[in-house]
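Q: Could you take me on a close look at the aromatic rings in this model, along with the charges and the helix residue that go with that part of the picture?

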Amino acid sequence: MALRVTVTLVAVVTGLAGIHLVYALPPAAYGVAMITAMQGALQVREASMRGQTVTRTLSGFAGWYAVALASAVSAHPWAGHVLLLLLIFAAVYIRRFGPRWNAVGMFAFMSYFIGSYLHPAPADLLGIAIAIALSGVIAHVTRNTLLAEDGQRDLARTLLAVDRRIAELLTLTRLGMEAGWVGTLRRRAVQAENGVKDAILVAEGLVPAPGESSVYASDDPDRPADLPDASTALLDLHLATESVLLASFDPGTPEKDNRALQQSYRQAEQRLQRARQVVTQVVDRLPPEAFTSSGAPPPARFAASLAGSSTFGDPALRLAIQVTLAAAVAMAGGLYLSPTRWFWAILTAFLVFTNTQSRGDTALRAINRALGTLLGVIAGIGVATLIGNELAVALPLVAVFVFTGFYLLQLSYGAMTFFITLAISLVYGLIGQFTPDLLLLRLEETLVGAAAGVFIAFLIFPQSTTRLADEAASRFFAAVDELLAAAEDSLDGHVRRGELLRLSRQIDRRYGDLAAAARPLGSNWQVVRKPGPVRQTLTRFLACAHWSRIFARRMSEHRGDEASTAALRAAIAELRRQVDDAGKATGLFVEGPARRGKERLPEARRADFHERTDDPLFCLELLSHIVARTVRSGRQASQPAPPAS
């Protein structure tokens, strides 16, 4: 993604320079082309080339019309201000209709932003249209030819990453078994296992859907009859890595025989190696044509989220109102600071609401942007002063900073802002507009926009992070209940084997949503830090997802007698009642009164832990324990602490 953005920008600038030799382009054409090139590399997410072409065409027209509007009202500033706010509302609200319209809205807003900043004349619109068309073509070619999607290649690379992370996990667990879990070794081992899990989830997202990957099942005569499909093989590998980590930890009983512990670990390690071999066999048999239709775009954020009977029950409408009001406040503050550079405040207010779910999430993004800008301004003053307008040095550095910023985007929004600020500092130096005061003004405008965003997020339609986390927890338990219902039907033979595994992965996705919703509650940026209870609660949900996966895998293989089937049916029914109650619980992430001692499984469960992990009934027992403990902790958190004795 970072390379696509960088290559697209470099190619667009080069192409515009070539066109300029034949047809003199206005300065605004360069600005609009660069911003639409960047958006074209980031926002167009359709899997098919036809879908991308439609989105790029619509977005290009939206961008050009936005610039034309900015040009038409340039002589009437206040009309332009009102039009900008209306455009912001439309650009945000249109996201509810899916990723395509999110791209159209971003193109329109960013193009109007540049048009208002550069004030193109009506005569410049032809050159701007040429620049937008060029940026769209280059972004399309870069995405589909120069840096094309290749699911088979990406899957192979991801599995190499899985191998490296498994090797790291095995090194750490062997060291812990031999030297003891001293210092930070246990934490590092858990992090290594999380790294394996993340890489496996990425790999699973790259494998073809079951209907597409099944083409090798009948066409390959050498395929073993018991070889699972790719998703099942990756799930088995996921479970095997977790088993290795669990087997390496001493359960804490002094009477535990070390030789038995070593034997348990060796068995888990052998299982892991076998699972990895099966993944290799399965993936090697996937034909190239199975990957042609993989990689569907992500769903629209608001497509199915229209809860509430009132007008303001529509989350897309609420967000559009929030962003528009934040932009209005930022506009007022920005105009007070500078009548010509106030657009930076508007841009910040708009962007701090991007991909946020709650007021805490918005505050975190605002702080990250402000801090990244602050550090970028400090470093940018030094770099731009040192390099000046040395074209041969500045241009490669701009490309490096752009690449690094977008490469780090998924890791840290603040880091991306830092490097983009460095790139902007060098660009100002190249066009002869750099001064330290200009960068300081950018910082002030950014702070105004960030403050406006946080102010509106907390004042207008505030979305409590705790409440959103509880709602995400409710959806998590609903996914667990859906798996249990399917498992109950599978006892009568009414559910296909792969359906249970698909539903278990749905629980993984719900856990990802839950972790994202709860992220601000345990953040380092909070004035009062509470990461401990948040991590502890998330760990319980993660354990629930883990045992749900094992349960789904074992139930897909279950061929029990009448007595065991009856016992499973009764246990599933009881756990479904428990999960239904858990889905109605609130305050699961609120810190409750201090509790002494550590949570431990009952002795009967710990005694046969490693012997019964293949038993679906045992999985149900553990799930019942985890769900009960999660809800009990939430209820304790919502009650006042008992008086001191």
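A: Happy to! In this predicted model, a good place to begin is Tyr413, where Arg365 sits over the face of the ring, 3.7 Å from its centre. A second arginine is placed in a similar role: Arg442 lies over the face of Trp344, at 5.8 Å from the ring centre.

Now to the helix. Helix α17 spans residues 413-430 and includes Thr417. With a relative accessible area of 3%, Thr417 is buried, because the cut-off for that label is under 20%. Setting aside neighbours within four places in sequence, the contacts of Thr417 are Arg369, Gly372 and Thr373.

Next come the ring pairs, of which the structure holds 16. One of them joins Tyr93 and Phe97 edge-to-face, with 6.5 Å centre to centre and 85° between the planes. Phe97 is exposed at 53% relative accessible area, while Tyr93, at 25%, counts as partly exposed. Phe418 and Phe419 also pair: their ring centres are 5.0 Å apart and their planes stand at 85°, so this pair is edge-to-face. Here Phe419 is buried, with a relative accessible area of 18%, whereas Phe418 counts as partly exposed at 21%. Those two values fall on either side of the 20% cut-off, which is why the labels differ.

Finally, ring pairs also build a cluster, linking Phe109, Phe113 and Tyr117 with Trp342, Phe343 and Phe350.

Technical notes
Residues are numbered from 1 along each chain as its sequence is written. This is a predicted model: local features need pLDDT of at least 70, side-chain atom pairs count only at pLDDT 80 or more; totals for chains, interfaces and linings use all residues. Side-chain values use heavy atoms; hydrogens and water are left out. Helices (H or I, at least four residues) and strands (E, at least two) are DSSP runs, numbered from the N terminus. Buried means under 20% relative accessible area, exposed over 50%, partly exposed in between (1.4 Å probe, protein chains only). Contact means heavy atoms within 4.5 Å. Rings of Phe, Tyr and Trp (its six-membered ring) pair if their centres lie within 6.5 Å; planes under 30 degrees apart count as stacked, over 60 as edge-to-face and the rest as tilted. A charge sits over a ring if NZ of Lys or CZ of Arg is within 6 Å of the ring centre and within 35 degrees of the ring normal.
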